[in-house]
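Hi,

Here is the structure I promised to pass on. Have a look at it first, and then read my notes underneath.

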Amino acid sequence: MRLIWRLGRAGLILLVLAGCADKNQYTERNVIIPPLKEEKSKIDPLALSLDRYLNKRDGKDCSGFVSLINKENGNLYFDEALLNSFFTTKNKSQAIYNLYKKNGKTFTEGVPQKGDLVFFVNTFKGTFNRKKSDQNITHVGIVREVAEDGTVRFFHNSAGINQESFMNLRLPNLHKLGEKEVNSYIIRCPKNANPVSCLTSTRFIGYGKIPLGATLSSK
C-alpha cells in the first residue's frame, strides 16, 4: 500500500493507493490539515496616531498636536485639568515641561524612547537671543524613533503643519552628514545669524520621559 499526499483547496488530502490495484484506480480519504493561522501584527496605537496626522494641520500648533495625541491615547502624557496649575507663561509647552520636571520625568542625557517628549527653547520670533533656560520652553514634539547613530526622529507641529524633524546631539554642529539630515532647522534663522544656532541640537533643552498620565502629580 502506498500513501500519497495531494494538496487541495481544503488542505492536504491523503490518497491511499492499494499496491495490487490498477494504476488508474485509488481510494481517496479526506484528511483535512487546517492551514496555519497568520499571526496578527501588534498594533501600536501611539505610532498609529502619530503617523495618521503627519503632514496634516490637526492640532494647529506644537502643544495642540501633543494634546491631540495625548487625548487619543488615554491621557498618556497628562491630564488637562492637572496641567492647568503648571502654567507660568502663556505657552502650553512650558506648562507641560513644568509638569514633567516637577515629577522628575525630564532628562537630557541618554537615548530617548519612542513616545518621549522633546522640548526646545527660544523658537519664537523675538526670543532668539534669550539666554538658554528651561524657563523659556517654546516648543514641544514627540519622539517617533531613534536610529542606531543616535539621530532622533520626532514629530511636531511647526507653522501649522504636523511634520517630522531630526536631531543628533552627537553631531550638534551638523545639519547633514552626507545626504542624511541629522539636525533639522527648528526655526528660520534671522539674517546674519550663525546657521548652527538655528538647529534642533542648539535649541534642545530636554526630554520628557513618557509615563502614564495618571501617575503624574501636582503636589
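Below is what turned up, starting with the aromatic rings and ending with the pockets.

One thing to keep in mind: this is a predicted model.

On the rings, the count comes to four aromatic pairs. Take Phe120 and Phe154: they form a tilted pair, with 5.4 Å from centre to centre and 35 degrees between the planes. Phe120 belongs to strand E5 (residues 117–121) and Phe154 to strand E7 (residues 152–158), so this pair ties together parts that are 34 residues apart in sequence. Both Phe120 and Phe154 are buried.

Another tilted pair is Phe204 with Tyr207, at 4.8 Å centre to centre and 55 degrees between the planes. Phe204 is buried, with a relative accessible area of 7%, and Tyr207 is buried too, at 2%. Ring pairs also bring in Phe107, linking it with Phe204 and Tyr207 into a cluster.

There is a charge over a ring as well: the charged end of Arg203 sits over the ring of Phe128, 4.4 Å from its centre.

Now the pockets. The largest holds about 510 Å³ of space. It is lined by 22 residues, and the closest to its centre are Thr123, Phe124, Lys125, Ile186 and Ile187. Helix H2 (62–72), helix H4 (92–102), strand E6 (137–146) and E7 each give at least two residues to that lining, which divides into seven nonpolar, 10 polar and five charged residues.

The second largest pocket has a volume of about 170 Å³. Among its 13 lining residues, Gly110, Val111, Gly150, Leu169 and Arg170 are the closest to the centre. Its lining splits into seven nonpolar, four polar and two charged residues.

Cheers

Key. Residues numbered from 1 in each chain as written. Predicted model: local features only at pLDDT ≥ 70, side-chain atom pairs only at ≥ 80, totals over all residues. Heavy atoms only, no water. Phe/Tyr/Trp six-rings, centres within 6.5 Å; stacked < 30°, edge-to-face > 60°. Helix = DSSP H or I, 4+ residues; strand = E, 2+ residues; numbered from the N terminus. Buried < 20%, exposed > 50% of the residue type's maximum accessible area, 1.4 Å probe, protein only. Lys NZ or Arg CZ within 6 Å of the ring centre and 35° of its normal. 1 Å grid on protein atoms, 1.4 Å probe; cavity = no way out; pocket = protein on both sides within 12 Å on 5 of 7 lines; lining within 4 Å. Points joined across faces, edges and corners; volume = space filled by probe spheres on them. Nonpolar A, V, L, I, M, F, W, Y, C, P; charged D, E, K, R; others polar.
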